[in-house]
Each structure stands twice: as C-alpha cells, then as structure tokens.
Amino acid sequence: MVKLEYVWLDGYKPEPNLRSKVMSIVRMGLLNKPVEWSSEQFRNHWRVNHAPLAARLPGLMAYSQNHVIDSEQRGISFKRGPEQLDGISQLKFESLASMH
C-alpha cells in the first residue's frame, strides 16, 4: 500500500491546491508474524533484522515500525472486519520517484 501523507497542524487551513501541501509518500506494509513465532519473537526479529535493512534504502526519509500490542476495537459499535495484524511498517520518501 502506498499513500500520500498530508500533515495537518493545529490551526492549519488548506489552500485550494492541496498538491502543494503533500509532505511525503509513505509505503505501508501490513504484517503478520509466522504462526510458529511468539509475538515477542516477531517483534525482536523485525526490530533487530529489518530496521537496519530499511535504514540502508536509498531515498528513505523515515522508517516506522508499528507493533500491534492490542487489537480490541474501541469506540465503534460494529465489527470492521476479520483482519488480524501484528505490525504496520511505514517507509517515508520524498516522492514516488525516490521510492523506486
């Protein structure tokens, strides 16, 4: 999944040409751990092995690992879907061209 990221700051009023306000391109990955791994094994492997690999990517501005520690749905009255994730990665680039 690739998304345009707009950063909205308190008090910010968007101009008609929103393209000028694109902050970055973010490639997002939805991750499931191998079934034979514990959550801690997965988190450790992801932190220790994948973070250094991502850090070497040309054009990478930022890399985030979002480790799911609680997937209970709160604040909504309907089931959203069967998805069960263990992590979400976000790799931030200046443009689509710099991502490739």
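**Close-up views of a predicted model**

**Figure 1. Asp86 and its surroundings.** Setting aside residues within four places in sequence, Asp86 is in contact with Leu31, Asn32, Lys33, Phe42, Asn66, His67 and Val68. As you explore this and the other views, please keep in mind that the model is predicted. Asp86 sits in the loop that links strand 3 (60-67) to strand 4 (87-93). Although Asp86 is buried, it has no salt bridge. Which side chain of opposite charge is nearest to Asp86? That side chain belongs to Lys33, and it is 5.5 Å away. The backbone of Lys33 offers another link: its nitrogen lies 2.8 Å from a polar atom of the Asp86 side chain.

**Figure 2. The salt bridge between Arg47 and Glu40.** Side chains of opposite charge can pair when their charged atoms come close. How many salt bridges does a search of the whole structure find? The search finds 1, and here you can see Arg47 paired with Glu40, with 3.5 Å between the closest N and O atoms. Are the two partners buried or exposed? Arg47 counts as partly exposed because its relative accessibility is 38%. Glu40 has a relative accessibility of 46%, so Glu40 also counts as partly exposed.

**Figure 3. Gln65 and its polar partners.** Gln65 belongs to strand 3. Its side chain reaches the backbone oxygen of Trp46 at 2.9 Å. The Gln65 side chain also makes a polar contact, at 3.0 Å, with the side chain of His67. Beyond residues up to four places away in sequence, Gln65 touches Trp46, Arg47, His50, Ala51 and Ile88. Arg47 will be familiar from the previous view, where it forms the salt bridge with Glu40.

**Figure 4. Val68 in the loop between strand 3 and strand 4.** Like Asp86, Val68 is found in the loop between these two strands. What does Val68 contact once neighbours within four places in sequence are left aside? The partners are Arg43, Leu85, Asp86 and Gly87. Val68 counts as partly exposed because its relative accessibility is 25%. Ile88 makes a useful landmark here: 20 residues separate it from Val68 in sequence, and the two C-alpha atoms are 7.8 Å apart in space.

**Figure 5. Glu83 and Asn32.** The loop between strand 3 and strand 4 also holds Glu83. With a relative accessibility of 59%, Glu83 counts as exposed, because the cut-off for that class is over 50%. How far apart are Glu83 and Asn32 in space, C-alpha to C-alpha? The distance is 10.0 Å, while 51 residues separate the two in sequence. Asn32 is also one of the contacts of Asp86.

**Figure 6. The whole chain, for orientation.** The protein chain has 2 helices and 4 strands, arranged from the N terminus as β-β-α-β-β-α. Of its 100 residues, 19% are buried. The accessible surface comes to about 7,700 Å², and carbon and sulfur atoms account for 55% of it. Among contacts between residues at least 6 apart in sequence, 60% join residues at least 24 apart. Where is confidence lowest, and where is it highest? Strand 1 (residues 2-5) has the lowest mean, 57, whereas helix 1 (residues 39-55) has the highest, 92. Across the chain, the mean pLDDT is 79, with 70% of residues at 70 or more.

Terms used:
Residues numbered from 1 in each chain as written. Predicted model: local features only at pLDDT ≥ 70, side-chain atom pairs only at ≥ 80, totals over all residues. Heavy atoms only, no water. Salt bridge = Lys/Arg side-chain N within 4 Å of Asp/Glu carboxyl O. Buried < 20%, exposed > 50% of the residue type's maximum accessible area, 1.4 Å probe, protein only. Contact = heavy atoms within 4.5 Å. Areas by Shrake-Rupley, 256 points an atom, 1.4 Å probe, with all protein chains shown as cover. pLDDT = per-residue confidence, 0-100. Lys, Arg positive; Asp, Glu negative; His and termini not counted. Polar contact = N/O pair within 3.5 Å; in protein donor to acceptor, adjacent residues only side chain to side chain.
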